[in-house]
Amino acid sequence: MEKKMSKIKVACPCIFGLESVLSAEVKKLGVQNIEVTDGRVTFMGDLEDVAKANIWLRTAERVLIVLGSFRAETFEELFQGVKALEFENFIRKEDAFPVKGWSLNSKLHSVPDCQSIVKRAIVKRLSEKYGQNWFEETGCRVQVQFSILKNIVTVMLDTSGAGLHKRGYRQNANIAPIKETLAAGIVDLARIRNDSLVYDPFCGSGTLLIEAALYALNIAPGINRRFSAERWSIFSDDTFKRVRREALEQIDRKASFRGYGYDIDPAAVELTQENARKAGVANRFQIAQRDIADFHTDELRALILTNPPYGERMLEVKEAQKIYRTMGRVFERRKYLSYYIISPDEQFEDLFGSGADRRRKLYNGMIKCQLYMYFKGEPEKPAAARQENRNE
């Protein structure tokens, strides 16, 4: 199998609303031809860039190699389009190559039928290249993905395996955790620095605090996990090991970042401490059991990042809204104190008592939320603030 090849197209899906954050991350990789679409960032790079993307990108959901795109309105067009792609560059004759995909607003709408045809087309292609008709698929796994959107077929290979939100530190979580990639996006939007002081008064399983620490200390989020492509023969030159070694050397061990986490649930406190230990950042935190009504800080400059309870998932709506009112009372509005609060409650600003300085629509799982950002000190009147930010 030839290991040297021209630039390849790489696609990184992300949570809707985090496209600009991911695009900025991708630019830091030094790659070319970056394109941003809804829920996805693509770029041109080489195999080392694929490894870097898996290990370094904080808000990408996974890293996919795009083999090609073509139009198909019939099964024959689908078969021939897939068969024309160079699977042999990545799949050895002994490798497993399962197929999955989806179709939307296309003539080829039966996913099981499309799945079968894509598989047969790959087998035909590899049969011609390797001179054999039967593939036992006992080697490493190369997951093939296809999408069909408005009759345009895109065929990709998944290099990540488990989603990139699975950093390895959160094997356990509380009842309604925030996804690691979403937490990383909020951390980026809050402009965390290596000397930041961060609070989370609803720390849950510690995800926001841990992602803030990883960002502040420049710890690559994928540094302690493995990826599917590491077993592919095309990466057998220790590409991933080399990128990991370089990432270890870039950790900012002199950073003065500190974090404080509170939760009324003692199990959440213990869980945050356990996950922080797994992430290697426990020494940066002070975690304690505390009610939101007792929250305060005497620090002159701090960031409060939090994911308060949602009525539809953890508490009755009235209880959650009572918490929002309490937050509005105890979250002091003054210069150099900033708040980044994610909530699905459309009445949040009314309950909190002031309109956000900025909002951003995000999704926590399937729940549509708003990230309410307060960073201008003394609040304006809620109604005026809401009117000013109506189209944010």
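The paragraphs below lead through a hairpin, a helix, the nonpolar core, a buried glutamate and a pocket.

This is a predicted model, in which local features need pLDDT of at least 70 and side-chain atom pairs count only at pLDDT 80 or more, while totals for chains, interfaces and linings use all residues. Residues are numbered from 1 along each chain as its sequence is written, and side-chain values use heavy atoms, with hydrogens and water left out.

Strand S2 (residues 32-37) and strand S3 (residues 40-45) run antiparallel and are joined by 4 bridges; strands pair if DSSP finds at least two bridges between them, and the elements themselves are DSSP runs numbered from the N terminus, helices being H or I of at least four residues and strands E of at least two. Glu-35 has Thr-42 in S3 as its bridge partner. The hairpin formed by S2 and S3 has 2 residues between the strands, and Gly-39 in this turn has a positive phi of about 75 degrees.

Helix H2 (residues 47-56) has 8 of its 10 residues buried, where buried means under 20% relative accessible area with a 1.4 Å probe and protein chains only. Among these buried residues are Leu-47, Val-50, Ile-55 and Trp-56, but also Asp-49 and Asn-54. The buried residues of H2 pack against S3, and likewise against strand S1 (8-13), helix H1 (19-28), strand S4 (64-71) and helix H7 (239-249). At the N-terminal end of H2, Asp-46 acts as a cap, with a side-chain oxygen 3.2 Å from the backbone nitrogen of Glu-48.

The largest nonpolar core (a set of buried Ala, Val, Leu, Ile, Met, Phe, Trp, Tyr and Cys residues joined through side-chain atoms within 4.5 Å) has 125 residues, and those with the most contacts inside it are Leu-78, Phe-87, Trp-232, Met-327 and Phe-331. Helix H6 (residues 207-216) gives the largest share of this core, 7 residues. Leaving aside neighbours within four places in sequence, Phe-331 is in contact (heavy atoms within 4.5 Å) with residues including Pro-201, Phe-295, Tyr-339 and Phe-352.

Glu-180, found in helix H5 (residues 180-189), counts as buried because its relative accessibility is 4%. With neighbours within four places in sequence again left aside, Glu-180 is in contact with His-165, Arg-167, Tyr-169, Arg-170, Thr-207 and Glu-211.

The largest pocket is lined by 33 residues, and the turn residue Gly-39 is one of those nearest its centre, together with Pro-13, Asp-38, Arg-40 and Trp-102.

Terms used. Buried means under 20% relative accessible area, exposed over 50%, partly exposed in between (1.4 Å probe, protein chains only). A polar contact is a pair of N or O atoms within 3.5 Å; within protein, one must be able to donate a hydrogen and the other to accept it, and residues adjacent in sequence count only if both atoms are side-chain atoms. On a 1 Å grid over the protein atoms alone, a cavity is a set of points where a 1.4 Å probe fits but cannot get out, and a pocket is an open set with protein on both sides within 12 Å along at least five of seven lines; lining residues have an atom within 4 Å of a point.
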